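Biologist: Got the model up? Let's walk through it.
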Amino acid sequence: ITQEGKTSASIPGDIAFELYDTYGFPVDLTGLIAREHSKTLDVKGFDEAMEKQKARSRKASAVDTADWVPVHGDGETIFTGYDVLENEVRIMKYRKVAAKNKEQYQLVFDKTPFYAESGGQVGDTGVIVSGREQVHITDTKKENNLIIHYADRLPSDPRAVFRATVTRERREMISANHSATHLLHAALRQVLGKHVAQKGSLVNEDHTRFDFSHFAKIGGEEINRIEEIVNSRVRQDILLAEQRDVPLKKAMETGAMALFGEKYGELVRIVTFDRNFSVELCGGTHVPSTGRIGMFKITSESAVSAGVRRIEAVTAGKAEAYITRELAILDRIRGLLKNPRDIEKGVEEIIRQNVLFSGHVDALVKEKVYALKAELLRKIKKTDGINLIAEMVYLPSAAAVKDLSFSIRNEVSDLFLILGAEIEGKAHLSLMISENLIKERNLEATRIIRELSAEIEGGGGGQPFYATAGGKKSSGLAIALSKAITFIKKS
């Protein structure tokens, strides 16, 4: 129906797009429903609405970047962040950027203690201070070999000398996670084999995520062994050994591992935690010794793609908090089980009893279905050559209603069966139609169930001979059953 109140022979493209964009309703299904009602879908209009939305999305995500404004000349930024977390800096240039109606400023310093996002490690945050003025640095990234600092506003005097300070606690947590990743990489190769190679990583203040080549899921014993190796190296408090500005060829000759996805220049940095354990090319920040990691705990292991696995882990205080949470859960489970001496056996006994109980319930449901079937067969009404059953039933699950429907279908020809049930406080409809009635009377279950579902404020679907619907309005079941019978009269 159009906005003018007239019936349309075509579903407008903008309406179909609204169904797709707002409610996730597939356009193919909209077209199918249109054809079932002898209508067409304005595909061209849908495509035009889609393009307009894409254009709006591109515009919303576009970054408006102003020209660089020079302040103190130009040149390469000297990175001091391996050695210090604060130093005096000058702004060489700045520019304003706007994205999603938010303005920021990008600042380039002559030197900086802020690490720029690279090699999987996130960028530093902190502040720059001049006199009483303090400007927050919200992120640090690299662009065209520039170290760019994102500021929430421009300093009142860009020509001033500033004291740049990295957020110490955050940097230390990031460094701990990064060093732990190196130890993890070495432990993986020791436990799983030399085929293990890094395929990606993310290191931030909360956790480390490490993707690597491996052909199978890692078992519990292997996980434990990997953790043992890493934590052993943490307890040994191995000193960081680093070599800076090493020619790439010479570095590779030493046996240092190059990391996946990392782009190396002519000069590289070698990070070593025990010459016989972990030697990698890395530009990231690290702890001065492994003891600063505190503790290492793997929180998950999963597949990323064929031949690539992912491990996520936490360190230091985050690892302690994780273990504390897990032990608290274990204590609650122990309390629920009445504090058994062997909690594992207690859980196994609960599972055994549950399986046994489920078997008894299944048997009772089957008996209930059998009894209901006999009752419903006695209630068949002959209506214009159709065997009609339209009844409310009381069963615990949709699966039980389905079993009942198919059981009756196997014994009754020319069947039109509509059952209503309230299951766990929600409405459920089940519609079964004999194949011959679909062809001879045009009684198609999916079309009918969609109309009936409106009475229970829900939705449904299925196959031409069997369809179901669920909804939140159980009081509408009786109306839906009555309405279902009218389809017979129309056929």
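Biologist: In what order do the three strands of the open sheet run?
Modeller: The order is S15-S16-S17, with antiparallel pairing. Strands are DSSP runs of E, at least two residues; helices are H or I, at least four; both are numbered from the N terminus. Pairing takes at least two DSSP bridges.

Biologist: Which are the edge strands?
Modeller: S15 (241-247) and S17 (278-281), each pairing on one side only. The twist averages 20 degrees from one strand to the next.

Biologist: Is this predicted or experimental, and what's filtered?
Modeller: It's a predicted model: local features need pLDDT of at least 70, side-chain atom pairs 80 or more, while totals for chains, interfaces and linings use all residues. Numbering starts from 1 along each chain as its sequence is written, and side-chain values use heavy atoms, without hydrogens or water.

Biologist: Back to S15 and S16. How many bridges?
Modeller: Five, antiparallel, with S16 spanning residues 267-273. Gln243 stands opposite Ile270 in S16.

Biologist: Which helix packs on the sheet?
Modeller: H4 (residues 168-192), touching S16 and S17. Contact means heavy atoms within 4.5 Å. The direction of H4 makes about 115 degrees with that of S17. Axes are lines fitted to C-alpha atoms, for helices over the stretch in contact; angles run from 0 to 180 degrees between N-to-C directions.

Biologist: New topic. Is Thr208 buried or exposed?
Modeller: Buried, at 1% relative accessible area. The cut-off is under 20%; exposed is over 50%, partly exposed in between, with a 1.4 Å probe and protein chains only.

Biologist: And why call H11 largely enclosed?
Modeller: Because seven of its nine residues are buried. Among them are Arg447 and Leu452.
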